[in-house]
Amino acid sequence: LHGLELNELENTDEYRLPTEAEWEYACKAGNNTDFSFTNEATDMDEYGWSDSYGWCAINANGTTHFVGEKKANAWGLYDMHGNVWEWIQDNWHDNYENAPADGTAWEEENSSNRVGKGGSWMDGPNYCKSAFRGSLDADSTSYVLGFRIVKDI
């Protein structure tokens with residue numbers, strides 16, 4: 001997860017996965033709410049793909065979607081809630097005890113799992129909240145798993 005092909009293509013080390021703190025900050029877009037748009041999931045259908053109606057995932061049509069088909073958050077970032085789980089740089093920890101206070105990635109090798117954020121179209125809105133975190137096997141591949149990258153400048 002550390003070496004992205006884009007870094008190799010551009011002969012740089014500026015591209016990486018976001019830390020958990022960076023991802024959540026970007027998702028909330030200046031808000032202190034459960035979702036980037038409110039504390040309630042009532043507007044989830046406008047901002048993200050999730051399974052609001054039970055296992056059948058009616059509002060997501062049972063599949064992932066191209067980015068940008070729903071409303072962006074206040075900072076113009078699309079699909080922060082739902083669609084696909086997003087890989088995060090941090091290793092999985094059960095809690096935040098001893099986590100870095102400066103927002104850097106927490107990469108102690110006590111877990112082979114990584115943090116996933118955002119939820120997917122198969123998950124209910126509670127899994128798509130800004131602060132919700134999932135434990136993802138580092139070797140996992142899935143049609144509900146993706147990533148976004150950040151560039152250090």
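This is a short walking tour of the model, stop by stop, with something to select at each one.

**Before you click**

You have a predicted model open, where local features need pLDDT of at least 70, side-chain atom pairs count only at pLDDT 80 or more, and totals for chains, interfaces and linings use all residues. Residues are numbered from 1 along each chain as its sequence is written, and side-chain values use heavy atoms, with hydrogens and water left out.

**Stop 1: the sheet**

Switch to cartoon and pick out the strands; helices (H or I, at least four residues) and strands (E, at least two) are DSSP runs, numbered from the N terminus. You should find 4 strands in an open sheet, ordered E4-E3-E2-E5, with mixed pairing. Strand E4 (133-137) and strand E5 (145-146) are at the edges with a single partner strand each, so one side of each has no neighbour in the sheet. Two strands count as paired if DSSP finds at least two bridges between them.

Walk across it:

- E3 and E4 run antiparallel, joined by 5 bridges. Val-115 stands opposite Ser-135 in E4.
- E2 and E3 are also antiparallel, with 3 bridges.
- Strand E2 (residues 85-91) and E5 pair in the parallel sense over 2 bridges.

Now select Glu-86. Its bridge partner in E3 is Lys-117, and in E5 the partner of Glu-86 is Gly-146.

Color by accessibility next, with buried meaning under 20% relative accessible area, exposed over 50%, and partly exposed in between (1.4 Å probe, protein chains only). In E3, 4 of the 5 residues are buried, so this strand is largely enclosed by the rest of the structure. While you are in E2, click Asp-90, which counts as buried at 5% relative accessibility. Measure from its C-alpha to that of Leu-17: the two are 73 residues apart along the chain, and the atoms are separated by 8.9 Å.

**Stop 2: a salt-bridge network**

Side chains of opposite charge can pair when their charged atoms come close. Here a salt bridge is a side-chain nitrogen of Lys or Arg within 4 Å of a carboxyl oxygen of Asp or Glu, and the structure holds 11 of them.

Select Glu-20, Glu-24, Lys-28, Lys-117 and Arg-133 as sticks; salt bridges link these residues in a network. Begin at Glu-24, whose side chain meets that of Lys-28 at 3.5 Å, N to O. Both are in helix H2 (residues 20-28), 4 residues apart, about one turn of the helix. Glu-24 is buried at 16% relative accessibility, and Lys-28 also counts as buried, at 16%.

Then swing over to Lys-117, which forms a salt bridge with Glu-24 (3.2 Å, N to O). This one links distant parts of the chain: Lys-117 is in strand E3 (residues 113-117) and Glu-24 in helix H2, 93 residues apart. Lys-117 is buried, as is Glu-24.

Carry on to Arg-133 in strand E4, buried with a relative accessible area of 13%. Its side chain makes a polar contact with that of Glu-20 at 2.6 Å, and another of 3.2 Å joins Arg-133 to the side chain of Tyr-96. (A polar contact is a pair of N or O atoms within 3.5 Å; within protein, one must be able to donate a hydrogen and the other to accept it, and residues adjacent in sequence count only if both atoms are side-chain atoms.)

**Stop 3: where the chain's ends come in**

Select Glu-14 and Lys-151, another salt bridge, with the closest N and O atoms 3.7 Å apart. Glu-14 is in the loop between helix H1 (5-10) and strand E1 (15-16), while Lys-151 belongs to strand E6 (residues 150-151), 137 residues apart. Glu-14 is partly exposed at 29%, and Lys-151 is partly exposed at 43%.

Now pick Ile-153, in the segment after E6. Is this residue buried or exposed? Ile-153 is exposed, at 98% relative accessibility. Its C-alpha is 9.5 Å from that of Tyr-15, 138 residues apart along the chain.

**Stop 4: the cavity**

Finish by selecting Ser-36, Tyr-47, Lys-71, Ala-72, Asn-73, Leu-77, Tyr-78, Asp-79, Met-80 and His-81, which line the largest cavity (on a 1 Å grid over the protein atoms alone, a set of points where a 1.4 Å probe fits but cannot get out; lining residues have an atom within 4 Å of a point). The structure holds 1 cavity of 30 Å³ or more, and the largest has about 40 Å³ of space. Volume here is the space filled by probe spheres set on the points, with grid points joined across faces, edges and corners.

Technical notes. 1 Å grid on protein atoms, 1.4 Å probe; cavity = no way out; pocket = protein on both sides within 12 Å on 5 of 7 lines; lining within 4 Å.
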